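Hello,

Here is the structure I promised to pass on. Please open it first, then read my notes below.

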Amino acid sequence: MSLETMFDVAGKSVIVTGGASGIGRAYAEIMVESGARVCVLDLDQAGLDRTVAEIAAQDWPGTVWARRLDVSDRKALAEAFDAVADKHGRIDVVFANAGVDAGPGFLTPEGARDPHGQIDAMPEDHWDRVIAVNLTAVFQTIRHAARHMKATGGGRIIVTSSVAARVNESFVGTPYMPAKAGVDHLVRNAAMELGAFGILVNCISPGPFATNIGGGRLKNPADRAAFEAQSLLGRIADPDEIKGLALYLASPASAYVTGAQMTIDGGSSLRG
Ligand code: NAD
């Protein structure tokens, strides 16, 4: 395989959930820059408008468009996958990425900050919301990806998990960790089931990245010191730094990789 074909995703039909910000936006950017046709799904209309306008303003060979939805809305998610398949003729790569932090900066569906992080004080709908978005919606996203990819002979499903699936990080809040641990298992199970259909399923497990999650806590200089101290590299990551791994998992270079969990955390999880 030549270097040129190894990372070739030109013309691929790609979906990125939670692509209006942070890590998901970086996924969308690298795919469009590499010539793919990308549909970004997100709850945040203003973020979608900004993302589409700013990516379209680049001189990149791919295309981008967007559709607003809540990934926990099963009907809307199913309709979005069908709309992308109708428009692009197929679905080749899906990034199941939308997620919410459950820490003190947790955003309720109404946009209010939830101050309750503790297990005994936490409202039950807080648990329900995080599990719905971070776990059940990933399950639904994998199902729709599989349904379309089986029909066209294969594809790639790339799920954003977290090092919090394995390492206790209480600042992300109680429901976040079991949701991400569930995601890790889901990825392995889906890889087992779907390999025979040419569908590769992997997950990316980031450590601290400076995004808007948790109300942008990781961008706040006062809060980021603890994360920087945790990293073996003494800093947190910029979302751009996810792009190489995303392109690798979407491209022919990773044709024999499935059921894998790729950690990208500056060594943070080695410190526990
Ligand atoms: P972010 O807040 O910058 O981006 C998340 C995007 O998902 C936002 O655009 C948001 O509007 C969207 N979203 C949230 N809920 C949604 C819903 N119900 N339906 C549709 N869209 C929704 O955060 P990020 O850090 O880029 O998060 C992306 C993924 O990375 C998440 O799954 C998160 O758990 C994971 N992650 C992030 C970090 C980190 O340090 N930033 C670390 C580990 C894992």
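**What I found**

The chain has 272 residues and a radius of gyration of 18 Å, which agrees with the value near 19 Å for a compact globule of that length. That radius is taken over C-alpha atoms, and the globule rule is 2.2 Å times the number of residues to the power 0.38.

Two notes on the source. Residues are numbered from 1 along each chain as its sequence is written. The model is predicted: local features need pLDDT of at least 70, side-chain atom pairs count only at pLDDT 80 or more, and totals for chains, interfaces and linings use all residues.

The chain holds 9 helices and 7 strands. These are DSSP runs, numbered from the N terminus: helices are H or I with at least four residues, strands are E with at least two.

Now the sheet. It is open, has 7 strands in the order 3-2-1-4-5-6-7, and its pairing is parallel. Two strands pair if DSSP finds at least two bridges between them. Which strands stand at the edges? Strand 3 (63–68) and strand 7 (261–264) do; each has a single partner strand, so one side of each lacks a neighbour in the sheet.

Strand 2 (residues 37–42) runs parallel to strand 3, joined by 6 bridges. Arg 37 stands opposite Thr 63 in strand 3.

Last, the ligand. The shell around the ligand takes its largest share, 3 residues, from helix 2 (residues 22–33).

Best wishes
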